[in-house]
Amino acid sequence: MGFIWYLIIRLGGALVTIAIGAVFVFILMQLIPGDPAIAALGENATDENVAAFRRVHGLDQPLPVQFWIWLTGIVQGDFGTSITLAQGYPVWDLMVQRLPNTLFIAVYALLIAVVIAFFAGSIAALRQGKMSDTAATSASVLGISMPDFWLSYVLILVFSLGLGVLPAFGFTSPMVSFSGALVNGALPAFAIAAPMAGVFARILRAALLETKRRDYVTAARSFGFRDTFVYMHYIFRNALIPFVTVIGVQVRYLVGGTVIIERIFGIAGLGSMMVDGAFGRDYAVVQACMLAFLVFVLGVNLIVDIICAFLDPRRTH
Amino acid sequence: MTEATNGNDVALRIRGLNAGFRMSDGYLPIIEDVSLEVRKGEVLGIIGESGSGKTVTGMAILHLLPENAETKWETFDFLDLDVTGMDEEAFRDLRGNRMAVVFQDPTGAFNPAKKVGWHFHQVFERTAVKSPDHAQRAKGWRDAAIDLMRDVGIAHGENVLGQYPHQLSGGMLQRALIALVLAFEPDLILADEPTTNLDNIVERQILNLFRDLQKRLDSAFVFITHDMTIAAALCDRIAVMYAGRIVELGKTKEIFDDPKHPYTQGLLATALALEEKSGERLQEIPGELPHPGNLPPGCVFAPRCPHVFKRCEAERPPLFHLPGREVRCLLYEDDDVAGR
Ligand SMILES: Nc1ncnc2c1ncn2[C@@H]1O[C@H](COP(=O)(O)OP(=O)(O)O)[C@@H](O)[C@H]1O
Ligand SMILES: [Mg+2]
């Protein structure tokens with residue numbers, strides 16, 4: 001009842017956001033200086049060649065017409081054709097190759113961050129003011145303050161060049177070998193996860209400490225419930241709500257992380273494709289990648305919201 | 001009921017309770033030398049204005065103060081147990097099953113993530129250790145919960161079980177909380193201003209419920225309130241608190257007929273003025289409660305006392321024992337029968 005409505009409203013909201021996002025993405029690309037024809041044909045291309053290129057790819061059409069063609073294509077599942085990056089290839093085919101890599105790294109990083117935060121945050125809160133709290137809290141600050149690209153190079157130095165246990169470059173698609181992807185993706189995923197884990201851990205610690213002081217915890221103890229029971233069913237259970245909410249908010253930084261990390265670790269993902277596409281003025285490619293990231297962020301947010309709705313009856317009842 | 005003084009009747013006896021909090025800027029003493037006694041079937045009122053230390057006293061008794069609190073006792077007897085030096089795990093086992101609390105804010109007392117029914121289920125499970133009968137009852141906790149709720153005036157308990165705390169009114173939650181406490185059949189029930197957060201009509205109903213319970217049950221009650229009228233209606237004996245100390249203790253009727261401590265006299269005058277609604281300005285005691293970190297050197301009430309004299313500002317008065325009365329005021333030094 002209440003929940004189904006909640007879901008419909010949230011899905012509708014996500015669709016509207018994607019539509020608005022599509023317009024923005026399109027306008028943004030047009031604002032970027034540079035000409036795809038020059039990017040594809042080189043600086044010395046003749047005027048006729050440039051004009052012909054523009055005609056072939058529909059770039060001579062008025063912008064609203066271009067937008068309309070692009071949009072109607074997307075609705076039908078056609079994301080256009082790459083004009084510079086992989087000339088003539090449907091963008092969708094390029095995406096299908098690369099999307100699993102990016103999704104895998106993103107979800108891998110998110111899981112690492114959540115698991116680390118879960119332990120670090122809980123230990124810090126349970127042992128507030130003690131040595132382990134200080135250690136966990138300092139580690140969080142360290143994680144937050146390390147830029148991901150810097151951490152990437154440190155990880156490569158230590159684990160690849162130094163210890164030689166994990167590969168620095170190249171990535172196995174999870175579609176080919178899942179375990180291979182797990183091993184090869186460990187360093188890039190950890191580089192993205194570290195700053196997020198720091199933020200998550202601090203949020204969880206703060207949420208646990210805040211919840212611990214609530215009246216209902218005193219009430220639970222007045223019933224004579226055991227400490228572990230009170231911790232699990234009252235403190236942790238209620239602190240989970242702000243914790244999960246923050247995860248949803250932080251997911252957008254995941255996207256920025258993958259764009260940089262894919263370049264550094266040579267992962268053929270959406271992020272690196274988007275950067276290459278931007279340099280090549282490959283409008284269709286960049287627009288498709290941006291839309292994919294938008295859908296990803298909205299999707300995770302939706303999942304997070306659904307989890308929150310289950311965790312917090314006050315939102316749906 | 002208040003006459004019996006044989007030792008076996010005493011449910012709770014506390015002597016020399018001191019409590020305070022470790023703060024960032026040092027130790028903050030709140031409660032000093034609190035001694036009280038509650039017998040089975042008796043209602044002891046703790047009365048005093050907001051901030052006088054009633055809640056801290058109550059929570060200290062149940063070992064429910066926050067982690068930065070420090071408590072000390074000379075004596076802490078509960079039923080036939082000496083719990084003075086009891087370890088926390090053993091004491092936890094007394095909570096709920098032997099002593100339980102009705103809190104001031106019923107909305108805050110429930111786990112917001114769980115249905116009311118979950119609370120009943122867990123509480124009945126907790127009571128299962130008391131006896132085989134209780135264990136049996138815990139299995140059919142739904143029916144038992146609905147019965148209990150009917151006892152406290154919730155007609156449709158089966159619906160309430162399926163609802164989340166935020167879906168219920170404060171009055172309804174307070175009834176549900178009282179039902180939870182009753183499920184424990186505790187020997188001691190502490191009620192900390194259980195009606196302060198409720199509107200007048202609901203307050204009256206809940207107070208009637210308490211009066212009914214206290215007649216029906218054999219439990220000892222500690223009833224905390226800042227309202228003289230409520231105390232007069234419910235309590236057999238009253239302890240008047242001021243700035244973390246009990247300044248007067250005696251039978252309710254005797255205190256109302258003949259208040260000894262100047263603070264009690266002031267409280268009663270204010271309550272009377274409130275009742276008659278005579279003057280536009282209430283006849284309140286001038287001045288305000290001292291901050292616990294900044295207490296006057298002598299009697300804590302001296303700065304507001306109409307009968308203050310020189311010694312009051314230098315000496316902390318001990319509790320003087322008058323016949324049937326304890327008063328912490330130098331005016332009664334010569335009436336002391338205990339010879340302290
Ligand atoms: N956790 C705490 N830390 C520090 N001071 C506290 C704490 N709890 C209560 N106090 C102080 O103790 C005094 C008594 O408070 P309380 O017992 O709640 O008063 P009452 O219940 O009579 O209104 C107040 O001055 C209050 O500020
Ligand atoms: Mg209070």
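**Entry 1: the ligand**

Which residues come nearest to ligand 1? I started my notebook with this one, and I kept in mind that I am looking at a predicted model. I found 13 residues around ligand 1. Those that come nearest are Gly51(B), Gly53(B), Lys54(B), Thr55(B) and Val56(B).

Next I looked up some atom distances. For Gly51(B), a polar backbone atom is 2.6 Å from an oxygen atom of ligand 1. For Gly53(B), I again noted a polar backbone atom, with an oxygen atom of ligand 1 at 3.0 Å. Lys54(B) uses its side chain: an N or O atom there is 2.9 Å from an oxygen atom of ligand 1.

**Entry 2: an overview of chain A**

I turned to chain A and asked myself how many helices and strands it has. I noted 14 helices and zero strands. Reading along the sequence, I therefore wrote down nothing but α, in the pattern α-α-α-α-α-α-α-α-α-α-α-α-α-α. I also looked up the extent of the C-alpha trace of chain A, which spans about 85 × 55 × 35 Å along its principal axes.

Then I checked the domains. Chain A is divided into domain 1, residues 2-75, and domain 2, residues 91-312. Their C-alpha centres lie 31 Å apart.

**Entry 3: where the two domains of chain A touch**

I wanted to see how these two domains of chain A meet. On one side, 24 residues of domain 1 are in contact with 16 residues of domain 2. The area buried between domain 1 and domain 2 of chain A is about 1800 Å², and carbon and sulfur atoms give 78% of it. Which three residues of domain 1 supply more of its buried area against domain 2 than any other three? I found Arg10(A), Ile18(A) and Met29(A), which supply 29% of that area.

Arg10(A) turned up again when I looked for charged partners. The rule finds one salt bridge across this interface of domain 1 and domain 2. In my notes I have a salt bridge in which the side chain of Arg10(A) meets that of Asp305(A), at 2.6 Å from N to O. For polar contacts, the count between the two domains of chain A is one residue pair, both at pLDDT 80 or more.

I then listed the elements on the side of domain 1 that touches domain 2. Helix H1 (2-31), helix H2 (36-41) and helix H4 (63-75) of chain A give two or more residues to this side. The largest share comes from H1(A), with 15 residues. By type, the residues of this side divide into 18 nonpolar, four polar and two charged.

**Entry 4: where chain A meets chain B**

My next stop was the contact between the chains. I noted 20 residues of chain A in contact with 31 residues of chain B. About 2200 Å² of area is buried between chain A and chain B, and carbon and sulfur atoms give 59% of it. In chain A, the residues that lose the most area to chain B are Arg221(A), Ser222(A) and Phe223(A), together 27% of what that side buries.

How many salt bridges does the rule find across the interface of chain A and chain B? The rule finds two. I looked up a salt bridge between the side chains of Arg226(A) and Glu89(B), at 3.3 Å from N to O. The count of residue pairs in polar contact between chain A and chain B is nine, both residues at pLDDT 80 or more.

For the side of chain A that touches chain B, the elements giving two or more residues are helix H10 (215-222), helix H11 (227-265) and helix H14 (313-316) of chain A. H10(A) gives the most, with six residues. I sorted this side of chain A by type and got eight nonpolar, six polar and six charged residues.

**Entry 5: two phi angles to remember**

I finished with backbone angles. Most residues other than glycine have a negative phi, so I wrote down two residues with a positive value. Arg281(A) is not a glycine, yet its phi is about 55°. I located Arg281(A) in the loop between helix H12 (270-279) and helix H13 (283-311) of chain A. Ala243(B), also a residue other than glycine, has a positive phi near 45°. Its place is in the loop between strand S10 (237-242) and strand S11 (245-251) of chain B.

Technical notes: Residues are numbered from 1 along each chain as its sequence is written. Chains are lettered from A and ligands numbered from 1 in the order in which they are written. This is a predicted model: local features need pLDDT of at least 70, side-chain atom pairs count only at pLDDT 80 or more; totals for chains, interfaces and linings use all residues. Side-chain values use heavy atoms; hydrogens and water are left out. Domain bounds come from an automatic or database domain assignment. Contact means heavy atoms within 4.5 Å. Buried area is the accessible area (1.4 Å probe) that two parts lose on being put together, summed over both. A salt bridge is a side-chain nitrogen of Lys or Arg within 4 Å of a carboxyl oxygen of Asp or Glu. A polar contact is a pair of N or O atoms within 3.5 Å; within protein, one must be able to donate a hydrogen and the other to accept it, and residues adjacent in sequence count only if both atoms are side-chain atoms. Helices (H or I, at least four residues) and strands (E, at least two) are DSSP runs, numbered from the N terminus. Ala, Val, Leu, Ile, Met, Phe, Trp, Tyr, Cys and Pro count as nonpolar, Asp, Glu, Lys and Arg as charged, and the others, Gly among them, as polar. A residue is near a molecule or strand if one of its heavy atoms lies within 4 Å of it.
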